[in-house]
Amino acid sequence: MSGTDSAPGAILGEEASLWAALRGSQDQPARERLFLLHHAFARAIARRHYRERTRGDLEPADLDQYAFEGLLEAIERYDPDRGVPFRAFASRRISGNVVDGIGKASEMREQLSWSRRMRQDRVRSLSVGNTEQSESALDALAELAVGLALGFMLEDSGLFGSTGEDCDQSMGTAPHAWQSLAWGEMKDLLVQELAGIGSREQTILKCHYMQGMAFEQIASLLGISKGRISQLHRGALATLRKRMAVRGHFRLER
């Protein structure tokens, strides 16, 4: 998913074919791949503005979302036939979107931040399914807890570039050796099971938990509604839970 492992020449060759596929038939996988190739570039622009233009009153994740919006718009508007490198074309649009976002945020301090909205989207996505399918409020709460635990593990997994140490330190606790080992083994199993679910569901989980994208951004990337993203997110976590249950994890007992 990183898009940074290929040699520069290979990336340029790949990009040419991706732009041709996107402009020729609006190929959705090409759009997704182009986004992944350049999302780190967009995030770098966001972080530069965070350092230069904010006074700690915004979260970096907020600016990332503005940058992702600008990147998605640039992908839609870019014409490779004009001979301008994509990043040269996209940088002004991404930067402008971040600056506009900072300006709007200064007038909307009381509104929820992107990161809080992502967490609320996540909880709402899981709560709807639990309410409809569970036999009692206690069952629904347990199901929600399992879904949130899976999400936390996805964020904390080695696949997503985190070891979990920051979380442990921020909580003021250091896990025992056996706890760290068990947690690590469970995360490894989760990553293995993630590879066994549908490709679109994988994309949604990776974009949300790996790239920190809100449901609205993923919906724009995939060309479907935010509500559908919520449904697919819920279904993907349910599938992961079932697969993990077969391995002996996340089995709820009455």
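**Ring pairs and burial in a predicted helical model**

Tutor: At a relative accessibility of 5%, tryptophan 19 counts as buried, and we should keep in mind that this is a predicted model.

Student: Why is tryptophan 19 called buried?

Tutor: Buried means under 20% relative accessible area; tryptophan 19 has 5%, so the residue counts as buried. The same reasoning applies to phenylalanine 86, which is buried with a relative accessible area of 4%.

Student: What makes the pair of tryptophan 19 and phenylalanine 86 tilted?

Tutor: Two rings pair if their centres lie within 6.5 Å, and planes under 30 degrees apart count as stacked, over 60 as edge-to-face and the rest as tilted. Tryptophan 19 and phenylalanine 86 have 5.1 Å centre to centre and 50 degrees between the planes, and they form a tilted aromatic pair. Tryptophan 19 lies in helix H1 (residues 8-25) and phenylalanine 86 in helix H4 (residues 86-106), so the pair ties together parts that are 67 residues apart in sequence.

Student: Why is the pair of tyrosine 78 and phenylalanine 89 tilted?

Tutor: The ring centres of tyrosine 78 and phenylalanine 89 are 5.4 Å apart and their planes stand at 50 degrees, so this pair is tilted. Tyrosine 78 lies in the loop between helix H3 (60-77) and H4, whereas phenylalanine 89 lies in helix H4, so the pair ties together parts that are 11 residues apart in sequence.

Student: Are tyrosine 78 and phenylalanine 89 buried or partly exposed?

Tutor: Tyrosine 78, at 7% relative accessibility, counts as buried, while phenylalanine 89, with a relative accessible area of 25%, is partly exposed, because partly exposed covers what is neither under 20% nor over 50%. Ring pairs link Trp19, Tyr78, Phe86 and Phe89 into a cluster, and the structure holds 5 aromatic pairs.

Student: How do you know that helix H10 is mostly covered?

Tutor: Helix H10 spans residues 215-222, and 6 of its 8 residues are buried; among them are Phe215, Ile218 and Leu222. Just after H10, glycine 223 takes a positive phi of about 75 degrees.

Student: What pattern does the protein chain follow along the sequence?

Tutor: The pattern is α-α-α-α-α-α-α-α-α-α-α, with 11 helices and 0 strands in the protein chain. Of its 254 residues, 40% are buried, and the chain exposes about 13800 Å², of which carbon and sulfur atoms supply 52%.

Note on methods:
Residues are numbered from 1 along each chain as its sequence is written. This is a predicted model: local features need pLDDT of at least 70, side-chain atom pairs count only at pLDDT 80 or more; totals for chains, interfaces and linings use all residues. Side-chain values use heavy atoms; hydrogens and water are left out. Buried means under 20% relative accessible area, exposed over 50%, partly exposed in between (1.4 Å probe, protein chains only). Helices (H or I, at least four residues) and strands (E, at least two) are DSSP runs, numbered from the N terminus. Rings of Phe, Tyr and Trp (its six-membered ring) pair if their centres lie within 6.5 Å; planes under 30 degrees apart count as stacked, over 60 as edge-to-face and the rest as tilted. Accessible areas come from the Shrake-Rupley method with a 1.4 Å probe; for residues, only the protein chains shown count as cover.
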